[in-house]
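Biologist: I would like to learn how to read a fold slowly, one feature at a time. Could you take me through one with the general idea first and the case in hand second?

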Amino acid sequence: MRDLELTPRLQLLADWVLPGARLADVGTDHAYLPVWLRLHGRVVSAIACDLREGPLARAKETGRAYGAEGIDYRRGNGLEVVSPEEADIIAIAGMGGENIAAILARAPWTARGDHTLLLQPQTRAEVLRAFLAENGYVILREALVEDRGVIYPVMEAGAGEMSLTLGQLYGGAALLHDPLGDRYIIEKIIRLQIAVAGTNRSGGSREKGDGLRDIVTALLSLREEWRNANGP
């Protein structure tokens, strides 16, 4: 059997999949995650979904190249081609947080408590965290992973209730003890400060500038919490 090596962000997702689960991987692209999980006997079945034919063809080729069986390849929009009873774990990775939120919004059954959600937003993680908090989900754990020089958040979510501070929306719901937490927060602060400066130069609305500064202040407070939690 050829060995398939996952990128760090996909490996973290794979590590969080409980043995014996049934997986649905939405936006599967090359299907590296379901193929790896099947090759290592971690899941009993897998559904690999993608919106477009090109990525789905690549997914099937990956499965053939590595000899992975037990994967059902489906073309469709989000979870529209998956029935609730077909999977225990829903993985949605490699897309913007707003896209992940939209996929979950179209599948409200994911908030009933029967499924574990493994989510990895590439951008706009704050949009996803806000959606989860407002729609009956709770982030059970969150971790950061560095992949090709970029830090990505990975979240495990399920049904429940949570409230997040402004700092947690932008800086992570449960990252106070994550070794990459300080760097993640600092990078967010720098990007927001650049945005504030751009708003000032362009004569943007005062309300927008004040909103950005409020987020920076909240992140500075969260960073202080991280430093206190992790010692000098």
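Modeller: What follows goes from the sheet to its helices, then to the loops and a few side chains, and throughout it should be kept in mind that this is a predicted model.

Biologist: Let us begin with the sheet; in which order do the strands lie?

Modeller: The order of strands in space has to be read separately from their numbering along the chain. Here an open sheet of 7 strands follows the order S3-S2-S1-S4-S5-S7-S6, and its pairing is mixed. Strand S3 (71–75) and S6 have a single partner strand each, so they stand at the edges with one side left without a neighbour in the sheet. From one strand to the next, the twist averages 15°.

Biologist: Which strand pairs run in the parallel sense, and over how many bridges?

Modeller: Strand S1 (residues 21–26) and S4 pair in the parallel sense over 4 bridges, and within that pairing Asp 25 stands opposite Ala 91 in S4. S4 and S5 also pair in the parallel sense, over 6 bridges, with Ile 89 having Thr 116 in S5 as its bridge partner. The connection between these two strands passes through helix H4 (residues 97–105), and S4, H4 and S5 make a right-handed β-α-β unit.

Biologist: And where does the antiparallel part of the sheet come in?

Modeller: S5 and S7 run antiparallel and are joined by 3 bridges; in this pairing Leu 118 stands opposite Glu 156 in S7, while Leu 117 stands opposite Ala 157. As a general idea, side chains in a regular strand alternate between the two faces of the sheet. S6 and S7 also run antiparallel, joined by 10 bridges, and there Glu 146 has Ile 151 in S7 as its bridge partner.

Biologist: How many residues of S5 and of S7 are buried?

Modeller: S5 is mostly covered, with 5 of its 6 residues buried, and S7 is likewise mostly covered, with 8 of its 10 residues buried.

Biologist: How should I read the direction of a helix that lies across the sheet?

Modeller: One compares the direction of the helix with that of a strand beneath it. Helix H3 (residues 53–66) lies across strand S2 (43–50) and S3, and runs at about 170° to S3. Helix H5 (residues 125–134) lies across S5, S6 and S7, and its angle to S7 is about 10°.

Biologist: Which residues of helix H1 are buried, and what covers them?

Modeller: The buried residues of H1 (residues 8–15) are Arg 9, Leu 10, Leu 12, Leu 13 and Ala 14. What covers them includes helix H2 (32–39) together with strands S4 (89–95), S5 (116–121), S6 (137–147) and S7 (150–159).

Biologist: Turning to the backbone of the loops, which residues have a positive phi although they are not glycines?

Modeller: The general expectation is that most residues other than glycine have a negative phi. Asp 29, which is not a glycine, nevertheless has a positive phi of about 55°; it is placed in the loop between S1 and H2 and is partly exposed, with a relative accessible area of 30%. Arg 148 also has a positive phi of about 55° without being a glycine, and it belongs to the turn of the hairpin that S6 and S7 form with 2 residues between them. Because its relative accessibility is 79%, Arg 148 counts as exposed.

Biologist: What can a residue in a loop tell me about contacts across the sequence?

Modeller: One sets separation along the chain beside distance in space. Thr 165, in the loop between S7 and helix H6 (166–171), is 57 residues from Leu 222 in sequence, and the two are 9.5 Å apart from C-alpha to C-alpha. Thr 165 is partly exposed, with a relative accessible area of 46%.

Biologist: Finally, which side chains take part in ring interactions?

Modeller: For two rings, one reads both the distance between centres and the angle between planes. The count comes to 1 aromatic pair, formed by Phe 131 and Tyr 137, with 5.8 Å from centre to centre and 35° between the planes, a tilted arrangement. Phe 131 is buried at a relative accessible area of 13%, and Tyr 137 is buried at 2%. For a charge and a ring, the case is Arg 141, whose charged end sits over the ring of Trp 16 at 4.2 Å from its centre.

Notes. Residues are numbered from 1 along each chain as its sequence is written. This is a predicted model: local features need pLDDT of at least 70, side-chain atom pairs count only at pLDDT 80 or more; totals for chains, interfaces and linings use all residues. Side-chain values use heavy atoms; hydrogens and water are left out. Rings of Phe, Tyr and Trp (its six-membered ring) pair if their centres lie within 6.5 Å; planes under 30 degrees apart count as stacked, over 60 as edge-to-face and the rest as tilted. Buried means under 20% relative accessible area, exposed over 50%, partly exposed in between (1.4 Å probe, protein chains only). A charge sits over a ring if NZ of Lys or CZ of Arg is within 6 Å of the ring centre and within 35 degrees of the ring normal. Contact means heavy atoms within 4.5 Å. Two strands pair if DSSP finds at least two bridges between them. Axes are lines fitted to C-alpha atoms, for helices over the stretch in contact, and angles run from 0 to 180 degrees between N-to-C directions. A crossover is right-handed if, with the strands pointing away from the viewer, the path from the first strand over the helix to the second runs clockwise.
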